[in-house]
Amino acid sequence: MLRTWRQRITLTDIFIWVIGLVIAGAVIWGTISTLRLHLYTPSIWLDLTIKGLALGGVYALIAMGYTMVYGILKMINFAHSEVFMSGPFTAVYVAMGLAKSGMLNKQPIISMAIIAVVSMGVSAGVALLLERICYRPLRNAPRLVPLITAIGASFFLQYTFRGLFGSGSFGYPAIKALQQYWTVAGTHIYKTQVVVIAGAVMMMLVLFGIVQWTKIGKAMRAVSEDKEAAELMGINVDRIIVFTFGLGGASAGAAGVLYTFLFPVVNFYMGFIPSIKAFTAAVLGGIGNVPGAFLGAIILGLLESVGPNLFLTGLGIPSPSQLKDAIAFIVLVLILIFRPTGILGERISKDKA
Amino acid sequence: MYKRLSLVISALAILGMVLAACAPAATATVAPPTQVPATAVPPTAVPPTAVAATAVAAPEVPTATVPPTMVPIVPQAAVASYTCSDPIGCVKLGPTDPIHIAYLLAISGANAALGTDSRNGVEIAIDDAGGQILGHTIKFDGQDGLCSADGGQAAGTKLASDPTIVAVIGTSCSSEARAAEPLLSKAGFVTISSSNTAPDLTNLTSSNHYSGYFRTAHNDIYQGAAAADFVYNFLGLKKAATIHDGSLYASSLVKVFGDDFIKLGGTITTATSVDPNSTDMSSVLASVATGTPDLIYFPIFLPAGAFIIHQAKTTPGLENTKLMGADGLYSPDVMNTAGADVEGFMVSSPIVQGPAYDAFVAKYVAKFGEQPINIFHAHAYDAFNIVMDAIETVAVPTTDGSLYIPRQALRDAVAATKNFVGLTGILTCNVDGDCANPVIGVYEYHAGVYPPTLIWPTKYIK
């Protein structure tokens, strides 16, 4: 059955390879000419890398919600951006209260824990309500129906929050303890960034642990593998789905709190852009795969942060930062050309496609 | 068990949202009107003869000592019957029909303060007019332009389809104007903006200029020049970087600032731009940092402006760089969203002072229960009064009580406005549409204090 390479390679393949090589060449050429300009000091690169890691950590936690729900229901929960927004938006009032009473700066750790718990609780609650009201009645409907419902639910939630809290932006009070920094190689490493990266990694480990080593995680994997068989084995599928939504929601709530440490402004439309990025990260890493989403998110965060200056400055492109989304999505397209299932993606079986 | 758990969590979530919605911080209307009595604001101490004119901001802040030299309004005599001969048509009002004046302002979204403040100014002007023009009640409603080109397009389409509209107060943002103005101009309306500042809009040779467009806001040729003068001569800084967000307003203001700054002898180290929707400014700030500027000038809007204020402080090389914006960032939301990092942030904005303005602020506080949230309420108040005077001049009443407003004559009447004594100065309109008599100042924010304090020109500091 061996065919010659002439028969195996089509014209389309060659075309795609050429596009890939051109882009890779441009990236390498841009990088070399940027580095030869000596415009940026090493401390700027270090700073951008740390910021990229922190951003990637936040994307990873949001991506969890997409990837776990996809793993189990094979649907993209597009209302997840509003699950992400609802937590920090509600917790801003707790944070303001804590700041007013002086607790925030006297007991920063306890205060942050309270803010995180409120945010995770609200986000998980919204995710559970979504599942119960919008998705469960449509469990057996055609695939496109819950997708459209998700988009509708997303708008409904956005405008509910706009109605409840107003259309303006609200600032998170600054936590003094997080504004301190360590100086490493001439760069200030802020405690905020360390807390965000550590928090994201910790949450990821907890999530990974739940999925891999607990009974309910085993059940989740079973439902993801084959819903009917899992049901026949005595697994309560509804319960697993509810648990998954709750877990995804809580991780989005945690992501929201970490996000507001980095960008301390909340508004009712804040969910859209980070969630689109997180969804991209989930696809990049292989949707349905927890470590893949983490890897994809870190790569995306770094690309967005370091990419524009590294690849484009040397090519003489003005305002390279305007093109950071273009860079991220070109990388996504490239990876999907050469690995359609994502970096760590599983083989898509007939059932899941 | 899981059902019960999910129920409990859901209930908690709802409870949390309800509690948060009831929290006092959710609304901005907590300041009782009695907190700021009108008498607490001292009258201005700047007589117009006692100060020397600066190079750029030549006009002076008006005071009560300026004698009103307004052209008196001569209403048209009532005729038995009227045939419309105006080239772009007339608005015919029956004896009981209201005069319809619409607004196209940004009243929601991140820049809601800008448009809401202007609308409040117009509402006070309507109150002052007794709610009537020539015996017809004033109908005032409008559309939200969202401070964006597509919002302006949608709102402009809706307004243009309503033939009862005589004039439009708006838009809030220059990008809205660029999208909406072709539609509003074609519909025959007079448009008068309280806060558009892009130079293009009143440049007769520009494709963004449309007939029937006027503004009481300053042209950014003045604002950009004043900002450059302030940075170079007052602060004594020679190296600046500029950032715009692609909007008509920001890109033209950055261009004027850059040209004038270079003319004065300064250097623009980096001229770059950001996406107005992005939150992570680290890469743009890293490229700005390579030029080691003394000041970053970013006349953009919220929320991107607040993110730059936050992140500049943590970018290597920019820790002590001064930050400056323009009137688009003169808003309480800047203070609310930028928190402690707002300390020392400067914005240029028009100066409006004088006893008439103080009386206006007292009315504003009494009517809306809070201090003015922006600066353009005074410009909106003047805009409405200019339109009202023009209507009173050109409208032709008939003996049966109907009223005809010829549209082209109305435009001509607004363009002929001369020595109009407004809150923002003595205004004279031109054919190109500029009516303002701008005095630009620079204000500095302090954490937790609103409004920001005036720091330049020093002669206006009370």
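This section describes the fold of chain A, the largest nonpolar core and the surroundings of Phe345(B) in a predicted model.

Chain A contains 14 helices and four strands. Its radius of gyration is 22 Å, close to the 20 Å given by the globule rule for 353 residues, so chain A is as compact as a globular protein of that length. Along the principal axes, the C-alpha atoms of chain A occupy a box of roughly 70 × 60 × 40 Å. Buried residues make up 50% of the 353 residues in this chain. Of the contacts in chain A between residues at least 6 apart in sequence, 79% link residues at least 24 apart.

The largest nonpolar core comprises 244 residues, and the members touching the most others are Val58(A), Ala60(A), Ala63(A), Val387(B) and Ile391(B). Helix H3 of chain A (residues 42-73) supplies the largest share of this core, 18 residues. In chain B, both domain 1 (90-219 + 353-439) and domain 2 (221-351 + 442-460) give residues to the core, so it lies between them. When neighbours within four places in sequence are left aside, the contacts of Ile391(B) are Ile99(B), Ile133(B), Val166(B), Ile405(B) and Leu410(B).

Phe345(B) is located in the loop between helix H9 (332-338) and strand E12 (346-350) of chain B. This residue counts as buried because it has 25 C-beta neighbours inside 10 Å, the threshold being 20 or more. Apart from neighbours within four places in sequence, Phe345(B) is in contact with Ile309(B), Leu323(B), Ala338(B) and Tyr445(B). The C-alpha atoms of Phe345(B) and Met324(B) are 5.9 Å apart, with the two residues separated by 21 residues in sequence.

Notes:
Residues are numbered from 1 along each chain as its sequence is written. Chains are lettered from A and ligands numbered from 1 in the order in which they are written. This is a predicted model: local features need pLDDT of at least 70, side-chain atom pairs count only at pLDDT 80 or more; totals for chains, interfaces and linings use all residues. Helices (H or I, at least four residues) and strands (E, at least two) are DSSP runs, numbered from the N terminus. The radius of gyration is taken over C-alpha atoms; the globule rule is 2.2 Å times the number of residues to the power 0.38. A residue is buried if 20 or more other C-beta atoms lie within 10 Å of its own, exposed if 12 or fewer, and partly exposed in between; C-beta atoms are placed from the backbone. Two residues are in contact if their C-beta atoms, placed from the backbone, lie within 7 Å. A nonpolar core is a set of buried Ala, Val, Leu, Ile, Met, Phe, Trp, Tyr and Cys residues joined through C-beta atoms within 7 Å. Domain bounds come from an automatic or database domain assignment.
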